Amino acid sequence: MNPRRFFRPDFDDLEAYTPVKPLDVLAAEIGLPIGQLVKLDANENLYGAHPAVVEAAAKADHHIYPDPGQTSLRAAIAEYVGVTPGQVVAGSGADDLIDVILRLARPAIAVTASPTFGMYSFLAKVNGTRFVEVPRLAGFQVDVRGLASTVERGAHLIFLTSPNNPTGNCLTRAELEAICNLEALVVVDEAYIEFGGESAVPLIAAHPNLIVIRTFSKWAGLAGLRVGYSVSEPGIAAALMAIKQPYNVNVAGDLAAQAALRHRAEVFETVKCIVAERERLARDVGALGWLRPLPSEANFVLFAVTEGHDAARVAAELRRRGVLIRYYNRPDLANYVRISAGRPEDTGRLLAALREVEPLTRREDS
Ligand SMILES: Cc1ncc(COP(=O)(O)O)c(C=O)c1O
C-alpha cells in the first residue's frame with residue numbers, strides 16, 4: 001500500500017523552502033574545517049550570544065515544560081517594546097508567528113511585495129492559502145496600488161518586511177499608513193529593526209489590523225534557540241495565544257531571551273559594530289568596481305553583480321573558498337547577491353576571496 005494516498009491532495013505541488021545549512025553540514029560538504037568558514041549567508045550575528053545569555057540558557061530546568069502563558073517573557077518583551085504584556089505573543093522564532101497568524105486568519109489569498117523573505121509564501125502554501133507576490137517598483141519600493149488591488153480581489157492578509165530582506169530598504173510611514181487602511185490584516189516583519197528603520201509599533205493604536213513581528217535571532221544572536229514574538233492589539237494577541245502550540249518557546253530560549261533583554265545595553269554594542277561593518281562592507285566591496293551595493297538599514301547588503309560577472313558563479317566560487325553568501329535563483333534577483341555584515345575579520349576574508357574569484361566569475365557571453 002502506498003501511504004502517500006493519505007496525504008493532502010496538494011502535497012506534490014508544495015514548493016520546498018530553501019533553508020540555509022549549519023556550519024558542520026557546510027564544512028562536510030565543502031571539505032574545509034568549520035574554523036575556516038565565513039558564514040555570511042543567513043544574517044546571523046557572528047559575535048554570538050552575550051556570555052550572560054549563554055549562562056542563563058544553561059540554567060534552564062530541562063525536565064520541566066515551558067510556561068504556555070509565557071508570563072515572564074511576555075512581560076520582559078512588553079517592557080522592551082513599550083506595550084502591555086497582553087499585546088505580546090512569543091513563538092519559536094518569528095517563523096512560528098508567521099505560521100500561527102496564517103492559521104488564525106486562514107485567508108483564501110495572502111499577498112506580499114516581492115522580492116522578500118521566502119517564508120511567507122512557503123508557510124502560506126503549507127496552510128492552504130494561495131500566495132500572490134506583487135513585484136516591487138524601481139528601487140525595490142513597495143507597490144501600494146498593486147497591493148490595494150490584490151486586496152480588492154480577495155487577499156485579506158498582507159506580509160511586509162521592514163527593513164526588507166534581501167533588499168535592505170524600509171517602508172515609509174506614508175506607505176505603511178496607506179496599507180494599514182486596506183481591508184486586511186497587515187503583518188509588518190521587523191526582524192532587522194534593531195539595525196535601522198522606524199518601527200511600526202506606534203501605529204497599532206490607530207490600526208487594530210496591524211501585527212508587528214520581531215525576533216531575537218538577529219540582534220541578540222539567538223537564531224539557534226528560536227525565539228520571536230508578535231505585537232498587536234490585545235484581541236489579536238489573545239487569539240494567537242489561544243491557537244499557538246502551548247509549549248512553543250523552549251525553556252532555554254525563554255531564559256536566554258529574557259537575559260538578552262536584561263543585558264541589552266551590552267548586546268547593542270555588537271549591534272553597533274555590525275552596523276559599522278555593514279557600512280564598511282558596502283564601501284569596500286563596492287570599491288572593487290564590479291559589485292554595486294544597495295542602501296541597507298539591516299545587517300546585510302544586497303549587491304548588484306555588474307561588469308559581466310555572474311552572481312551564481314560568484315557565490316559558487318566563494319563557497320569553494322569557505323565564504324558563504326546568498327544567491328537567489330529567481331528572475332527578479334538574477335544578478336544580485338546578499339552578503340551579511342559580520343566582524344571586521346569576516347569582511348577581510350570576504351574581500352580577499354572576492355579579489356581571488358574575480359577572473360573566474362565572468363558570464364560566458366560577456
Ligand atoms: C524578514 C525575516 N523574518 C523572519 C526571519 C526568521 O526569524 P526567526 O529566526 O525568528 O524565525 C528572518 C530570517 O532570516 C527574516 O529575514
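Helices (H or I, at least four residues) and strands (E, at least two) are taken here as DSSP runs, counted from the N terminus. Labels such as β5 and α7, used below, follow from that. The model on screen is a predicted one.

**Stop 1: the two domains**

Colour residues 3-48 together with 265-358 as domain 1, and residues 51-263 as domain 2; this is the split given by the domain assignment of the protein. Between the C-alpha centres of domain 1 and domain 2 the distance is 23 Å. Now select the boundary: 28 residues on the domain 1 side are in contact with 27 residues of domain 2.

Stay on the domain 1 side of that boundary. Two elements each supply at least two residues to the side that touches domain 2, namely α10 (264-286) and β10 (300-305). The largest share comes from α10, with 6 residues. Colouring this side of domain 1 by class gives 15 nonpolar, 5 polar and 8 charged residues.

**Stop 2: α10 against α12**

Keep α10 selected and add helix α12, residues 344-357. The axes of the two helices come within 10 Å, and the crossing angle is roughly 15°. Angles under 35 degrees count as roughly parallel, so α10 is roughly parallel to α12. The crossing in which α10 passes α12 is right-handed.

Show side chains for the contact. On α10, pick Glu-277, Arg-280, Leu-281, Asp-284 and Val-285. On α12, pick Pro-344, Thr-347, Leu-351 and Leu-354. By class, the residues of this contact of α10 with α12 are 5 nonpolar, 1 polar and 3 charged.

**Stop 3: the ligand shell**

Move to the ligand and select what surrounds it. The shell holds 13 residues, and the closest are Gly-93, Asp-95, Ala-191, Thr-215 and Ser-217. By class, the shell around the ligand divides into 4 nonpolar, 7 polar and 2 charged residues. Which helix gives the most to this shell? Select residues 93-105: this is helix α4, and 3 of its residues belong to the shell.

**Stop 4: α4 and its helix partners**

Leave α4 on display and add helix α5, residues 119-126. The axes of α4 and α5 come within 10 Å and cross at roughly 40°. That angle makes α4 oblique to α5. The crossing is right-handed. For the contact, choose Asp-95, Ile-98, Asp-99 and Leu-102 in α4, which meet Met-119, Tyr-120, Leu-123 and Ala-124 in α5. This contact of α4 with α5 has 6 nonpolar residues, no polar ones and 2 charged ones. Asp-95 is thus listed twice on this tour, among the closest residues to the ligand and in the contact of α4 with α5.

Next, hide α5 and show helix α8, residues 234-243. Is α4 roughly parallel or roughly perpendicular to α8? The two helices pack at an angle of about 100°, with their axes 10 Å apart. Angles of 65 to 115 degrees count as roughly perpendicular, which is why α4 is described as roughly perpendicular to α8. Here the α4 residues to pick are Val-100, Ile-101, Arg-103 and Leu-104, and their partners in α8 are Ala-239, Leu-240 and Ile-243. By class, this contact of α4 with α8 has 6 nonpolar, no polar and 1 charged residues.

**Stop 5: backbone details in two loops**

Most residues other than glycine have a negative phi, and most peptide bonds are trans. The last selections depart from that pattern.

Select the loop between β5 (155-161) and α7 (173-180), where Pro-163 sits. The peptide bond joining Ser-162 and Pro-163 is cis, with omega about -5°. Pro-166 is in the loop between β5 and α7 as well. The bond from Asn-165 to Pro-166 is also cis, and its omega is near 15°.

Finish in the loop between α2 (51-58) and α3 (71-81), which contains Gln-70. Check phi at Gln-70: the value is near 50°, positive in a residue other than glycine.

Notes. Residues numbered from 1 in each chain as written. Predicted model: local features only at pLDDT ≥ 70, side-chain atom pairs only at ≥ 80, totals over all residues. Near = placed C-beta within 6 Å. Nonpolar A, V, L, I, M, F, W, Y, C, P; charged D, E, K, R; others polar. Domains from an automatic or database assignment. Contact = placed C-beta atoms within 7 Å. Axes fitted to C-alpha atoms, helices over the stretch in contact; angles between N-to-C directions. Parallel < 35°, antiparallel > 145°, perpendicular 65-115°, else oblique. Left-handed = near helix turned anticlockwise from the far one by under 90°.
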